[in-house]
Amino acid sequence: MTLSSKQVLPVLWCALLSTAFYFSGFFVLFTPLPVLYLSLRRNKLQWAISFALTLALVFSVSQLIFSEPVPLNAIYYLFIGSLLSLGVWKRWSLARWGAYVGLSATVAVILTGFICQYLGGYDVPGFLQRIVQESQTVLDQVTASQVAKGDKAEVVAMVEQMKKNLEFLPRLIPSLVFSFSLFVMIFNLSFLKVIYRLSKHLIKAGDFKRLEISSVCVWGVIVAAVCYFLDFYVFKVTWLTWVALNLILVAGMVYFIQGVSIMVFFLKRYSPLFRFGIYGLVVLFFQMVGLVVVGLGLADTWFDFRRLHQQKQTTDHGQ
């Protein structure tokens with residue numbers, strides 16, 4: 001099977017745009033978008049050729065210009081793009097999409113790190129530690145500049161706390177990768193749905209306002225609590241605490257998305273300006289409001305707020 005001249009153009013466009021997004025830096029989150037769009041509009045042969053061409057372009061530019069032999073970031077983003085495209089062809093729901101993207105990306109990153117460490121001679125723990133040290137150095141420089149302005153006590157205390165938090169990051173890689181993968185997935189699907197509203201494939205995925213997380217996810221919270229208390233009171237082996245923290249962060253991200261879905265459902269009746277203001281408050285006061293949104297998503301497992309709201313509306317109309 002060959003491609004006509006008209007079919008070649010979308011293939012080249014997708015490969016060039018994906019490569020440009022990746023190397024632009026600012027638009028790196030859009031890297032899976034052209035591949036995902038092509039999966040909706042073209043046949044699978046065009047998709048496969050464009051995907052392979054994108055990899056070839058990224059590898060070539062990385063090697064020739066940036067002297068980077070293996071662009072792992074680009075592979076990660078295109079891996080998510082391939083999962084998103086597979087979801088289009090398989091008619092996955094949003095919940096299934098999230099499960100497959102989050103879990104597959106996390107396992108792939110961990111396995112890649114393991115292979116690089118033990119087969120490729122690449123020091124992954126050392127690399128992560130260097131990132132932490134460089135980040136701490138930047139914080140020290142910020143502290144020095146602020147101290148010169150007279151804000152010594154408050155700035156030093158805040159920076160020291162941030163430096164301590166950075167030391168925990170390497171142990172939280174699984175949950176961070178999972179959460180970030182979900183963010184990339186939702187970011188690209190949402191953007192594509194806005195610019196391509198009539199896609200039957202995306203309609204099949206379901207309405208975000210109706211997103212329902214499986215009750216099985218509650219066990220992540222339960223297992224996290226059990227691991228934490230067993231480590232704190234019984235075993236004291238430390239690694240159980242890190243398992244608990246990773247699980248609770250993953251559960252927090254999942255139920256945050258569920259909580260946002262509930263917010264979107266109940267705010268749909270209000271004006272766009274009002275909704276924008278509410279979402280802005282969530283972003284500005286994330287540390288406080290974010291926990292409320294997570295609690296809302298978790299509570300929905302038992303109360304099903306949207307179903308209760310619809311039942312109330314039905315009762316009101318019946319009266």
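Contact here means heavy atoms within 4.5 Å. Keep that in mind for Leu84. One more thing before we start: this is a predicted model.

So, Leu84. Which residues does Leu84 touch, once those up to four places away in sequence are set aside? The list is Pro32, Leu36, Trp97, Val101, Met185, Asn188 and Leu189.

Now the setting. The largest nonpolar core has 34 residues. Leu84, Trp97, Val101 and Leu189 are the members that touch the most others in that core. Trp97, Val101 and Leu189 also appear among the contacts of Leu84.

Where does this core come from? At least two residues each are supplied by helix 1 (5-24), helix 2 (33-41), helix 4 (72-90), helix 5 (94-118), helix 8 (173-195) and helix 11 (239-267). Helix 4 gives the largest share, seven residues. There is also another core, apart from this one, with six residues. Cys14, Val35, Leu38 and Leu78 are among them.

As background, nonpolar side chains in soluble globular proteins tend to be buried together.

Next, helix 5. How many residues does helix 5 have? The count is 25. From first C-alpha to last, helix 5 reaches 36 Å. That is close to the 36 Å expected at 1.5 Å a residue. Its buried residues are Leu94, Trp97, Gly98, Val101, Gly102, Ala105, Thr106 and Gly113. Keep the helical repeat in mind as you look at that list. An α-helix has 3.6 residues a turn, so residues three or four places apart point the same way.

On to the aromatics. A pair of rings is described by the distance of the centres and the angle of the planes. The model has 20 aromatic pairs. Take Phe265 and Phe266. Their ring centres are 5.1 Å apart and their planes stand at 85°, so this pair is edge-to-face; the cut-off for that class is over 60 degrees. Phe265 is buried, at 3% relative accessible area. Phe266 is partly exposed, at 26%.

Compare Phe303 and Phe305. Here the centres are 5.8 Å apart and the planes are at 20°, so the pair is stacked. Stacked needs planes under 30 degrees apart. Buried or partly exposed? Phe303 is partly exposed at 46% relative accessibility. Phe305 is partly exposed too, at 24%.

There is also an aromatic cluster. Phe21, Phe26, Phe27, Phe30, Tyr76, Tyr77, Phe180, Phe183, Phe187 and Phe191 form it.

Now the cysteines. How many disulfides does a search of the whole structure find? Zero. Two cysteines to look at are Cys14 and Cys227. Cys14 is buried, with a relative accessible area of 1%. Cys227 is buried as well, at 11%. Cys14, remember, belongs to the six-residue core.

Last, the charges. The whole structure yields two salt bridges. One joins the side chains of Asp300 and Arg306, at 3.4 Å from N to O. Both partners are inside by the numbers: Asp300 is buried at 5% relative accessibility, and Arg306 is buried at 3%. The other salt bridge joins Arg307 and Asp304, with 3.4 Å from N to O. Arg307 is partly exposed, at 38% relative accessible area.

To close, three places to look on the screen. Start at Leu84, in contact with Trp97 and Val101. Then go to the edge-to-face pair, Phe265 and Phe266. Finish at Asp300 and Arg306, with their salt bridge.

Conventions
Residues are numbered from 1 along each chain as its sequence is written. This is a predicted model: local features need pLDDT of at least 70, side-chain atom pairs count only at pLDDT 80 or more; totals for chains, interfaces and linings use all residues. Side-chain values use heavy atoms; hydrogens and water are left out. Rings of Phe, Tyr and Trp (its six-membered ring) pair if their centres lie within 6.5 Å; planes under 30 degrees apart count as stacked, over 60 as edge-to-face and the rest as tilted. Buried means under 20% relative accessible area, exposed over 50%, partly exposed in between (1.4 Å probe, protein chains only). A nonpolar core is a set of buried Ala, Val, Leu, Ile, Met, Phe, Trp, Tyr and Cys residues joined through side-chain atoms within 4.5 Å. Helices (H or I, at least four residues) and strands (E, at least two) are DSSP runs, numbered from the N terminus. The expected span of a helix is 1.5 Å times one less than its number of residues. A disulfide is a pair of cysteine sulfur atoms within 2.5 Å. A salt bridge is a side-chain nitrogen of Lys or Arg within 4 Å of a carboxyl oxygen of Asp or Glu.
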